[in-house]
Amino acid sequence: MDTEALLAEIRAAVLDGEPSLVKSLTEKALEAGLPALTIVSEGLTEGIRRVGEEFQKGAYFLPDLVRGAQSMEIGLEVLQPLLAGAGEERPTHARIVLGTVHGDLHSIGKNIVAAMLKASGFAVDDLGVNVPVEVFVDKVRDTEAAFLGLSALLTTTVHQQEAVIKALEAAGLRSKVKVLLGGAPIDQDWADRVGADGFAPDAARAVEVARELAGIR
Ligand code: B1M
């Protein structure tokens, strides 16, 4: 099977919510020489994007969304060590505290961002999902992190990003940490409006923005 056909099969298997098939196809794609990042972006992510479309149209229901997410996650499990450059000794550029904001359980995109940041040498403190404002603030204070990354996937939770920035200001920490925003509903305009330092539409760009803000070429 050629690599394009393999990617199409991965997309279809995520859309159909078939975790074990996604796992074996992902392994096959790696054996066929496809880069991990291509499998993520052109296979798994494209598949889950279509799941979201079907959900929005009302053709898919919550269980379909969950099966799609489980399928994507199992594929990512196979790829994560490669994305994160496992086994390689890399210099640590800076520490970034990362998490999905309060009220939001979406972890997949945030996990890809975490893996890619680790791969390019950042030390990542991943706080997980549904993270309250004060937990972000405490972690930034305790670790003296240079960066804080906030992921939000719901239009009902994006305002939490602004709440975290305001809480950093109130705690006297805002000038000590660069805040990076991301997630499907986020754009540069929102990041500017709430006073963030950076925005990234995807994981690869998140690494670039973090490197730019850290002054690393
Ligand atoms: Co939900 N969901 N979901 N969901 N879900 C969306 C977001 C939705 C757009 C689907 C739709 O209707 N089309 C919709 C939101 C609508 C809106 O707000 N306007 C939605 C909804 C409604 C819901 C529920 C409310 C459904 C319900 O219960 N009725 C519910 C909410 C639960 C909650 O959070 N409180 C819900 C639940 C779920 C699942 C749990 C079933 C599951 C998540 C599982 C998991 O994450 N472990 C899920 C999924 C899978 C999705 C979709 C289909 C896919 C999200 C995803 O993983 N994308 C999503 C539709 C969509 O986004 N098209 C949808 C793939 C991922 C690689 O992309 O997350 O965008 P993304 O991350 C990218 C970039 O955004 C960026 O880089 C990543 C990698 O390239 N990025 C950053 C992300 N974070 C970043 C941080 C950065 C920088 C870049 O710096 C810090």
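This briefing describes where the ligand lies in the protein and which parts of the chain surround the ligand.

The model is predicted, so local features need pLDDT of at least 70 and side-chain atom pairs count only at pLDDT 80 or more, while totals for chains, interfaces and linings use all residues. Residues are numbered from 1 along each chain as its sequence is written, and side-chain values use heavy atoms, with hydrogens and water left out.

**Domains**

- The domain assignment of the protein chain, whose bounds come from an automatic or database assignment, gives domain 1 (3–85) and domain 2 (95–213).
- The centres of domain 1 and domain 2, taken over C-alpha atoms, are separated by 25 Å.
- Contact, meaning heavy atoms within 4.5 Å, joins 10 residues of domain 1 to seven residues of domain 2.
- Because domain 1 and domain 2 both give residues to the shell around the ligand, the ligand lies between them.

**The shell around the ligand**

- There are 37 residues around the ligand (a residue is near a molecule if one of its heavy atoms lies within 4 Å of it), and Glu-73, Leu-105, His-106, Ser-107 and Ser-151 come nearest.
- The elements that each supply at least two residues of this shell are α3 (36–57), α4 (62–83), α5 (108–119), β3 (147–151), β4 (178–182) and α9 (203–214), where helices (H or I, at least four residues) and strands (E, at least two) are DSSP runs numbered from the N terminus.
- α4 gives the most to the shell, with six residues.

**Polar backbone atoms beside the ligand**

- Ser-107 has a backbone N or O atom 2.7 Å from an oxygen atom of the ligand.
- A polar backbone atom of Thr-155 is 2.9 Å from a ligand oxygen atom.
- For Ala-203, a backbone N or O atom lies 3.2 Å from an oxygen atom of the ligand.

Technical notes: Polar contact = N/O pair within 3.5 Å; in protein donor to acceptor, adjacent residues only side chain to side chain.
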